[in-house]
Amino acid sequence: MQDQLQKQRTFALIGHGGTGKTSVAEMLLFAAGSITRLGKIDEGSTVLDYEPEETKRRGSIQPGFAQFPWKKNLNFLIDTPGDNNFIGDLPYLLQGADNVVLVIDAIDGVKPLTRKIWSEAVKASLPAMAFINKMDRERANFQMAYQGLSDMLGIKPVLLFLPIGSETDFRGLVDILAEKAYAFDENGGLTPIDIPEDLADEVTMTREIAIENIAESSEELMEKYLEEGSLTDEEMISGLRAGVASRMLVPVCAGSAMQNKGATMLLDTIQNIMTSPLEHEPWLDADGTERPSSPDAPFAAFVFKTIADPFAGQLSILRVLSGVLSPDATVLNATKDEKEKIGQILFLEGKKQTPCKQEVGPGAIVAVAKLKNTATGDTLCAEKAPFILPKPALSPSIISYALAAEEKGEEDKVFAAIQKLLDEDINLHLVRNDETGDMLLTGMGQLHIELAVEKVKRRYKTNILLKTPKIPYRETIKGKAQVQGRHKKQSGGRGQFGDCWIRMEPNTRSAGYEFLDEIVGGSIPRNYIPAVDKGVQEAAARGFLAGYPMVDFKVAVYDGSYHNVDSSEMAFKIAGSLAFKKAVEMCNPILLEPIMLAAVFIPDEFMGDVIGDLSSRRGRVLGSDSIGGVTEVKAHVPMAEMMKYAPDLRSMTGGQGTFTMEFAHYEECPPNVTEQVIADSKKEDE
């Protein structure tokens, strides 16, 4: 198995949306003979984009998985989504890979979202290479795309294949290290040709730069290069492999996935240059205990994705970290400390599942059906050698929508249907907001939530309405008052009597509610004072202006009276509530709105538009920082103004802008906003 694993490759295709990752995957599968027809995104005929929602929008919304042979060696491929709405679980997907292939669009080059995605690969410490795609398209600019790798991502690229021509004239590639040129035939096949004269000088210069970069990966190679001025073919390949493994160098290939141009070069580079599972750094548990990526170590596997299959039920997608996994094995879910029975092991190729009858070792990506207690992020391992791989940190969800059933009485059905989806999408969160009564679905963006609901409707025949959630406003006071709350009721038999004097005043912002007992002389018995406090709190929870909780105020009860027979806790609770309502009227009540800290990432040229738009949303820009052509703008913006920001930012920046958002603090609402919120509240009560 050692020899087999040494030649095995497990890699993820990463890049921002629209670069053609799924088309690249399709090209690789076609070149390897795993599929007989080159599918197309526009026709919805690709192997890895098979969900109806993906076919409809012509783009990936979930990862695709495939395994295929190349020159008799096994390859495992993960096709990751690139839309900002669907990259939230990328840290989990990268736990399944040994390498990444960064796909760059020759038309758009490196975008802000590329930087975000690349940073995840850097965090995961994965060796990488790049593939500049769409060289056949109008406005393709190889030099711009290639330069962006170093200028915007800060990596040291090593160009291995230089394109011959571009746009409709893209007709071949020059192998830089071998100094050989190839022309494409109409099916993407290769024919050796002479290096075009107009490229000869560029090839020579590019080769010298490549060899210098390769030599820098090893002191031994550097010494030889300085002494002799050249390296042998074997030394160049071994130096390049060492530079990739240490993450110093990033080899670069080019091609056109839709036209099947560049597949052979890309596959050979993956096979010859990228790392095997045996070269993966040891896995670490939370205590720093190492588990080597070796078939001889005890078995361990990480479940990095869960998908729902209409026939097999729940499929757990796992990557073998160490040891070997055999069909029908019994393993330990170390995360939950429960045993699981492995049935069939399945190889995946999109939605196609092929039973695997042999044992699989490190680097293998396989699916297992119907595990009883296993979820995404769990570690399976040998019972006698427990090991738990820590779960990667996820990006915070940034947008929430309220869910409602189209028909009253079906709320529980909606909740149950959405709950099933949470198993396969760890970036979705469903909570009931006790304050507003909303059932909130939180995700990475508007499209993320809309497609999740669309998927639930299709799968579970549940009709769901999406609504903008209520803003959690708060109320508070700016003035002081001293009032009496008196409750007296006599209706035959025992009556009710409670009488209290309270002093109400503002508290420090964010300090919350504070109750002070200043009763002296027993004007109110000690056992009734907590009832006054409770009455005030219950009334404060219902608010005064628009039904939102009252916060940040102090109440002191300092006097009152009672009746030996008619007084009770209930009577003093009502008295406290009455006193609160009377005092609020005299204390200049105001409305507070939640303010969010927004961080917006955009190309430099959109900075003015974005800052102007944030200001129009009553935002206060805190500052901006530009690195490598990407500007980060930070601002405090009212939550009410950010509820539909995602589509607006996408429109404003041509889909290149991204943002994160987190709660910062509460601030006083402007009078016009307060009036509108109060008016809306009254309408709801009618």
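V431 stands opposite L440 in β24, and this pair offers a way into the predicted model. A second pair joins the two strands' neighbourhood, since R432 stands opposite M439 in β24 as well. Both pairs can be read against the strand pairing: β23 and strand β24, which covers residues 439–443, run antiparallel and are joined by four bridges. Helix α11, made up of residues 411–422, packs on the sheet that holds these strands, where the helix touches β22 (399–405), β23, β24 and β25, and its direction makes about 150 degrees with that of β23.

The sheet itself is open and is formed by four strands in the order β23-β24-β22-β25, with antiparallel pairing. Its edge strands are β23 (429–432) and β25 (464–467), each of which pairs on one side only. From one strand to the next, the twist averages 35 degrees. On the other side of the order just given, β24 meets β22, and five bridges join these two strands, which run antiparallel. One pairing to look at in the viewer is that of L403, whose bridge partner in β24 is M439; M439 is also the residue that R432 stands opposite.

How much of β24 is covered? The strand is mostly covered, with five of its five residues buried. The side chains divide between two directions, for M439, L441 and G443 point one way from β24 while L440 and T442 point the other way, and all of them are buried.

Strand β26, residues 474–477, can be read in the same manner. R474 and T476 point one way from this strand, E475 and I477 point the other way, and all are buried. Its partner is strand β31 (residues 589–603), to which β26 is joined by four bridges, the two strands running antiparallel. Within that pairing, the bridge partner of R474 in β31 is L592.

Two glutamates deserve a careful look, and the first is E340, which has its place in strand β17 (residues 338–341). E340 is buried yet has no salt bridge, and the nearest side chain of opposite charge, that of K372, is 6.9 Å away. Given that a salt bridge requires a side-chain nitrogen of Lys or Arg within 4 Å of a carboxyl oxygen of Asp or Glu, the separation from K372, at 6.9 Å, does not qualify. Which backbone atoms does the side chain of E340 reach? The backbone nitrogen of K372 is reached at 3.1 Å, and the backbone nitrogen of N373 is reached at 2.6 Å. Leaving aside neighbours within four places in sequence, the surroundings of E340 consist of contacts with A329, T330, V331, N333, L371, K372, N373 and T374.

The second glutamate is E26, which is placed in helix α2 (residues 21–31). E26 is likewise buried without a salt bridge, and R37, the nearest side chain of opposite charge, is 6.5 Å away. A polar atom of the side chain of E26 lies 3.0 Å from the backbone nitrogen of V47. With neighbours within four places in sequence left aside, E26 is in contact with I35, R37, L38, G39, S45, T46, V47 and L48, so that R37 and V47 both appear among the contacts of this residue.

L13 belongs to strand β1 (residues 9–14). Why does L13 count as buried? L13 is buried because its relative accessible area is 0%, whereas the cut-off for that class is under 20%. Its contacts, again leaving aside neighbours within four places in sequence, are with K21, V24, A25, L77, I78, D79, T80, V101 and V103. For A25, one of these, the separation from L13 is 12 residues in sequence and 7.8 Å in space, taken from C-alpha to C-alpha.

Stepping back to the whole chain, the secondary structure of the protein comes to 17 helices and 34 strands. Of its 686 residues, 55% count as buried. The C-alpha atoms fill a box of roughly 110 × 60 × 50 Å, taken along the principal axes. Among contacts between residues at least 6 apart in sequence, 72% join residues at least 24 apart.

Technical notes
Residues are numbered from 1 along each chain as its sequence is written. This is a predicted model: local features need pLDDT of at least 70, side-chain atom pairs count only at pLDDT 80 or more; totals for chains, interfaces and linings use all residues. Side-chain values use heavy atoms; hydrogens and water are left out. Buried means under 20% relative accessible area, exposed over 50%, partly exposed in between (1.4 Å probe, protein chains only). Lys and Arg count as positive and Asp and Glu as negative; His and the chain ends are not counted. A polar contact is a pair of N or O atoms within 3.5 Å; within protein, one must be able to donate a hydrogen and the other to accept it, and residues adjacent in sequence count only if both atoms are side-chain atoms. Contact means heavy atoms within 4.5 Å. Two strands pair if DSSP finds at least two bridges between them. Axes are lines fitted to C-alpha atoms, for helices over the stretch in contact, and angles run from 0 to 180 degrees between N-to-C directions.
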